[in-house]
Amino acid sequence: MKRKIPLTLAALALFGLPACGGGASAAGGKLIPEQATIMAGIDVAGLMKTKMYTDNKAEVEKQREWKEVADAAKACNLDPEKAIASILFGTDGKDGVAAVITGEGIGDEKNLTCVADKAKEKNNGKAPFTIVDDGGKKILKMDDGKGQGFIVDGRTIAFASEPWKAAVKDLIDGKGKAATDGPNKDLFARADQSKHIWAAGVIPAEMAGAGKAAGVDPKDASGSLDLSDGLAIKATVTVASAEQAEAAKKKADEGIGMLKGLAPMMGLPPKV
C-alpha cells in the first residue's frame, strides 16, 4: 500500500507532488509518536555545504524545475537554500506517518499562505492546503483530506497521516510520549544522527521475508551517510545468528565494491 505524505515544502506546495515517505534536530524527534518503528533524518543544510553540492550547484540551478521552485520561494519571503534545513521522518511501517521540517521562515503563516497561493498557479487554481484555526492553533488542512499539517513555530512545521494526527497534536501540546522516549529509542539512537542522512528501524515484515529467501533473517537495521569528504557509509543489521551475520557482511562488502566502481558515474568523488 502506498502512502502519500508531504516530504518537502517545494514538492507539496509548489507542484502538489505526493512523496512516499533529519541529522534533523533533537527537538523534531520529540514530535514523532512513540509508535514509530522506523525513523530517518536528512540534514539538508549540511548537505548544501558539501563539496558534492557546491560542485554541482550551477548545474542544478540551470534546471527549469529548480528555477520555478526558487523563484516561488523568494516571492514568499523564503530563501530556497535555507527554508528547509532538516527533515525528520517516522513511521510504524503501516499507516502511521509523521514528518517534521525545520528551516528559516518555514513556519511563518504568511509565508505558507503565499506558498499555497503560488501552488494554485500550478494546479489549476487548486491549493494543496489551507491554513485554519483549530482551538487557537494553526493547522494545515490538506486538500486531499489525508493527514494534517501543524505550524509548530516560525521555524518548524509537522505533518501527520490520519491515524497519527491526534498523537502528533498531543506531542506539540507537550503531552504523550515521543519515539525518542519510546520502546525503540535505543534502536534509533544507534544511528549516528550527526551525519547528513541517517535511518534506523525494525525491518518491515515484507522486507524481512525477502531477506529470509536469501538465507538471512534480519530483525532491525541502522545506518548513516556522510558526504563531508567523499561518501562514508555506516550500516548495522541485526540478524538471527552469527553465521547469518557473516554471510550478510560478505554480501555487503561485495555491494560496497560495486558502489565504489559506480561512484564517478553518480557524480560522487572517488573517495567512497
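## Salt bridges within single helices

E68 is partly exposed, with 23% of its area accessible in relative terms, and in this predicted model the residue forms a salt bridge with R64 in which the closest N and O atoms are 3.0 Å apart. Both residues belong to helix α5, which covers residues 64–75, and they stand four residues apart, about one turn of the helix. R64, for its part, counts as exposed, at 54% relative accessibility.

A pair with a similar layout is found in helix α4 (residues 51–62), where E61 and K57 are likewise four residues apart, about one turn of the helix. Their side chains meet in a salt bridge with an N to O distance of 3.9 Å. E61, at 37% relative accessibility, counts as partly exposed, and K57, at 28%, also counts as partly exposed.

## A salt bridge between separate parts of the chain

Side chains of opposite charge can pair when their charged atoms come close. In the case of K195 and D226, the closest N and O atoms of the salt bridge are 3.6 Å apart. K195 lies in the loop between α8 (185–190) and β10 (197–202), whereas D226 lies in strand β11 (residues 218–226), so this pair ties together parts that are 31 residues apart in sequence. The two partners also differ in their surroundings, since K195 counts as partly exposed at 25% relative accessibility, while D226, at 14%, counts as buried.

Salt bridges that share partners also join R64, E65, E68 and K122 into one network. For the structure as a whole, the search finds 18 salt bridges.

## The disulfide

A disulfide is a covalent bond between the sulfur atoms of two cysteines. The count for this protein comes to one disulfide, formed by C76 and C114, whose sulfur atoms are 2.1 Å apart. The torsion about the S-S bond of C76 and C114 is about -75°, and the disulfide is therefore left-handed.

C76 is placed in the loop between α5 and β4 (86–91) and C114 in helix α6 (residues 109–122), so that the pair ties together parts 38 residues apart in sequence. C76 is buried, having a relative accessible area of 2%.

## Helix α6 and its two sides

Helix α6, which holds C114, has 14 residues that should span 20 Å at 1.5 Å a residue, and its end C-alpha atoms are indeed 20 Å apart, which agrees with that expectation. The buried residues of α6 are N111, L112, V115, A116 and A119. Because these residues cover an arc of only 140° around the axis, they are on the same side of α6. On the other side of the helix, K110 and E121 are exposed.

The ends of α6 have features of their own. At the N-terminal end, D108 acts as a cap, with a side-chain oxygen that lies 2.9 Å from the backbone nitrogen of K110. Just after the helix, N124 takes a positive phi of about 50°.

## The protein as a whole

The elements described above belong to a protein with ten helices and twelve strands. Of its 272 residues, 39% count as buried, and D226 and C76 are among the buried residues named in this report. The accessible surface of the protein comes to about 14,500 Å², and 56% of that surface belongs to carbon and sulfur atoms.

Definitions and conventions. Residues are numbered from 1 along each chain as its sequence is written. This is a predicted model: local features need pLDDT of at least 70, side-chain atom pairs count only at pLDDT 80 or more; totals for chains, interfaces and linings use all residues. Side-chain values use heavy atoms; hydrogens and water are left out. Helices (H or I, at least four residues) and strands (E, at least two) are DSSP runs, numbered from the N terminus. Buried means under 20% relative accessible area, exposed over 50%, partly exposed in between (1.4 Å probe, protein chains only). Accessible areas come from the Shrake-Rupley method with a 1.4 Å probe; for residues, only the protein chains shown count as cover. A salt bridge is a side-chain nitrogen of Lys or Arg within 4 Å of a carboxyl oxygen of Asp or Glu. A disulfide is a pair of cysteine sulfur atoms within 2.5 Å. The expected span of a helix is 1.5 Å times one less than its number of residues. The arc is that of the directions from the helix axis to the C-beta atoms. A polar contact is a pair of N or O atoms within 3.5 Å; within protein, one must be able to donate a hydrogen and the other to accept it, and residues adjacent in sequence count only if both atoms are side-chain atoms.
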